Amino acid sequence: MRLYRLLAALLAFGCAAPAAAQVRSAVPRAVFVVPALAPAHAPDVSASSLAPAPLALIPALAATAIPKASVALQPSFEAPASLPHVASEKDTVGMSAAASAVFDGVVKQAPLATKNVTVIRVKTAREARDFIPDTPNSATFLNGLNAKWSGIGWLDLGVYTDARGVRSYAVNLSGRADLAMHLPGVEPHEVALIRKIQLRSNDLQLIIQEAGKTPDLIVDGVVTEMKSLFPGGDFRVRLAAANEQVLDYTRRHHLAPGAAAIDLISRDAVPVVELLAAINDYVRTGAPIGLASVSVYAGEDRQFFVRGKDGLFDLKDSPRSTAGDAKTSMPLARTSARFRVPDALGLAAVPDLNIIAHEATEPAKRLRAAGVKATVTVYGSARILPAAAARAALDALIEKFRNKSKRPKERALLYAARNAVEASKYYEIARKFGRLVAENGGGEVAVVTGGGPGIMEAANRGAFEAGGPSVGYNIILENEQALNQFVTPGLEFEFQYFAMRKMALRHGTMGLVYFPGGFGTMDELFDVLTLMRAGKMPRAPIVLIGEKSYWDNIFDFKEFARMGLISPGDLSLVRFSDTAEGAWREIIAGPSSR
């Protein structure tokens, strides 16, 4: 029970909302709101609050959790006379009503997580060009339409819209057994396989090639890659290639896992045992798997392998323990795992709860005792030097390599030293920012850093020189990182656990400022963004220091929004400034209202 209460307190420490803000009456140079350090209130840990939420299928969530958007694409012809039909409940799992309401005989099922389907009948090659995007990958298909249109006559074009509003295109082959042989880019061996598939399905679409890996078909709502295995070929190589095509496409459009259809050219029967072992050997390599099923054709024979809950494949409806080869009745041998399982749990150190409890509570206690009501956290690279030190290091290298500066190793060192001189401007900005916080905070706002060198030292230095509280949360590493000399005595801390240090850095903050840095800085940034977006941390200004072009080179937040990976409103979480004064103005402006 004591452990339960301790964990509850730790959770509250990381995500408790700040107490009522206090307005300072006499703050030098500026009047702003200083939020109080957040108290740690234990959350409700009743049985009802701990009950797990029901699990839901990811494809279904992708379709229903995102608001529908109307499809702007409109057909330029009179639609077929048959009325739209609504597919069965089984057909529409993971689909919107719009995606299931399509023309009879054209699209019976759409891939799981498809949001909308529009069906367009095109009667000329030019009309097809009007609707299908002209990309390098679709060029073969589009360029060959004119020459082959006499054998095509008309096409039903399915326009599939995924959960992010991105469209893909497919040509309906249902009920038109000979259409594939007239379509540009479809090879004779692919036509042969399509005919075999058509014997078992009347819902078949040929996917138009996109920028990026694209499978060949949609069969009964399942994205499917076709492969033909000629004599002398390697089945596992063809399987891996099919998996990569499907995986790339389904990830791009947020769809459910797909399928592979592999034709064994010149074989009369499918060697079930041999191929099942080959499929599962590929799974055991640890490669990401985008296939839920594999259909293998040989002459008139066809065997269907499906992936089970354990990740391995088996014949459809055949328990792995009793299934036999359909042709030989030989037992299916399950190949043993080809890797050694380490005793990872046994070797892992058990966290010391006493240390965790101390690191969770002691920093806030000492800051409150020092009269600190809020913090401003500064992150950045430990490698950035003061301008004078960077310049001296470059001059020393120039002198040392005076006659060797054209050698690759020496050139690389000189290049790095010149970059260090350029980056030293951030040390000066961080130092100035620390001073601004101390001068305006009146002793109630502390500059908090990781306590190390570089940007951390600079921010601590600026606050220390201005007489304000300067806090350093150092981490104990195998290669010791020394605490910088500009931390206020009594406000220095040594952390054993990174997780507790991260919680302390953001606890009670009224703003977070990020300078250029490496993995550690980026980890802290995305951690804070995730917590704020999820409502697990009070919103506070996040300011990125440096030229906007620099941050665009590191990551482009607008691209996240364009791809639908974040909401457009999430962009308001981040602000930019290339000066210390600008960063301070963003901090005292308070959190975004969005």
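Before I start, one definition that we will need for the loops: helices and strands here are DSSP runs, a helix having at least four residues and a strand at least two, and they are numbered from the N terminus. With that in place, I can say that Asp 220 sits in the loop between strand 9 and strand 10, and I will come back to that residue in a few minutes. Please keep in mind throughout that what you have in front of you is a predicted model.

Let me begin with the whole chain. The protein chain has 594 residues, of which 47% are buried, and its secondary structure amounts to 19 helices and 21 strands. If we take the contacts between residues at least 6 apart in sequence, 66% of them join residues that are at least 24 apart. The accessible surface comes to about 30,100 Å², and carbon and sulfur atoms account for 57% of that surface.

I would now like to walk along part of the chain, starting with helix 7, which covers residues 188-198. Which residues of this helix are buried? They are Glu 190, Val 191, Leu 193, Ile 194, Lys 196, Ile 197 and Gln 198, so that charged side chains appear in this list beside nonpolar ones, if we go by the classes in which Glu and Lys count as charged and Val, Leu and Ile as nonpolar. The cover over these buried residues includes strand 8 (204-207), strand 9 (217-219) and strand 10 (222-229), together with strand 11 (258-264) and strand 12 (291-298).

Two of those strands bring us back to Asp 220, in the loop between strand 9 and strand 10. Asp 220 has a positive phi of about 50°, although it is not a glycine, and with a relative accessible area of 31% it is partly exposed. A second residue of this kind is His 254, which lies in the loop between helix 8 and strand 11. His 254 is not a glycine either, yet its phi is positive, at about 55°, and its relative accessible area of 35% makes it partly exposed.

Helix 8 itself, residues 235-252, packs against helix 9, residues 272-284, at an angle of about 50°, with the two axes 10 Å apart. That angle makes helix 8 oblique to helix 9, and the crossing of the two is right-handed. On the side of helix 8 the contact is made by Phe 235, Arg 236, Leu 239, Ala 240 and Asn 243, and on the side of helix 9 by Leu 275, Ala 278, Ile 279 and Tyr 282. Sorted by class, this contact has 7 nonpolar residues, 1 polar and 1 charged.

A little further along we reach Arg 307, in strand 13, which spans residues 301-307. Is Arg 307 buried or partly exposed? With a relative accessible area of 33%, Arg 307 is partly exposed. Its C-alpha atom is separated by 5.3 Å from that of Ala 292, which is 15 residues away along the chain. Setting aside neighbours within four places in sequence, Arg 307 is in contact with Val 283, Ile 289, Leu 291, Ala 292, Leu 312 and Phe 313.

Let me turn to a second pair of helices, which may be set beside the first. Helix 15 (residues 498-506) and helix 16 (residues 519-533) pack at an angle of about 65°, with their axes 12 Å apart, and they are therefore roughly perpendicular to each other. Here too the crossing is right-handed. Lys 502, Leu 505 and Arg 506 of helix 15 meet Asp 523, Glu 524, Asp 527 and Leu 531 of helix 16, and by class this contact has 2 nonpolar, no polar and 5 charged residues.

Strand 19, residues 509-514, contains Leu 512, which is buried, with a relative accessible area of 0%. Leu 512 and Ile 542 are 30 residues apart in sequence, but 4.9 Å apart in space from C-alpha to C-alpha. Not counting residues up to four places away, Leu 512 touches, among others, Thr 377, Tyr 379, Arg 506, Val 528 and Ile 587.

Ile 587 leads to my last element, helix 19 (residues 580-589), where Ala 580, Gly 582, Ala 583, Trp 584 and Ile 587 are buried. Their cover includes strand 15, helix 13, strand 19, strand 20 and strand 21. After helix 19 comes Gly 590, with a positive phi near 90°.

Conventions:
Residues are numbered from 1 along each chain as its sequence is written. This is a predicted model: local features need pLDDT of at least 70, side-chain atom pairs count only at pLDDT 80 or more; totals for chains, interfaces and linings use all residues. Side-chain values use heavy atoms; hydrogens and water are left out. Axes are lines fitted to C-alpha atoms, for helices over the stretch in contact, and angles run from 0 to 180 degrees between N-to-C directions. Angles under 35 degrees count as roughly parallel, over 145 as roughly antiparallel, 65 to 115 as roughly perpendicular and the rest as oblique. A crossing is left-handed if the near helix is turned anticlockwise from the far one by less than a right angle, and right-handed if clockwise. Contact means heavy atoms within 4.5 Å. Buried means under 20% relative accessible area, exposed over 50%, partly exposed in between (1.4 Å probe, protein chains only). Accessible areas come from the Shrake-Rupley method with a 1.4 Å probe; for residues, only the protein chains shown count as cover.
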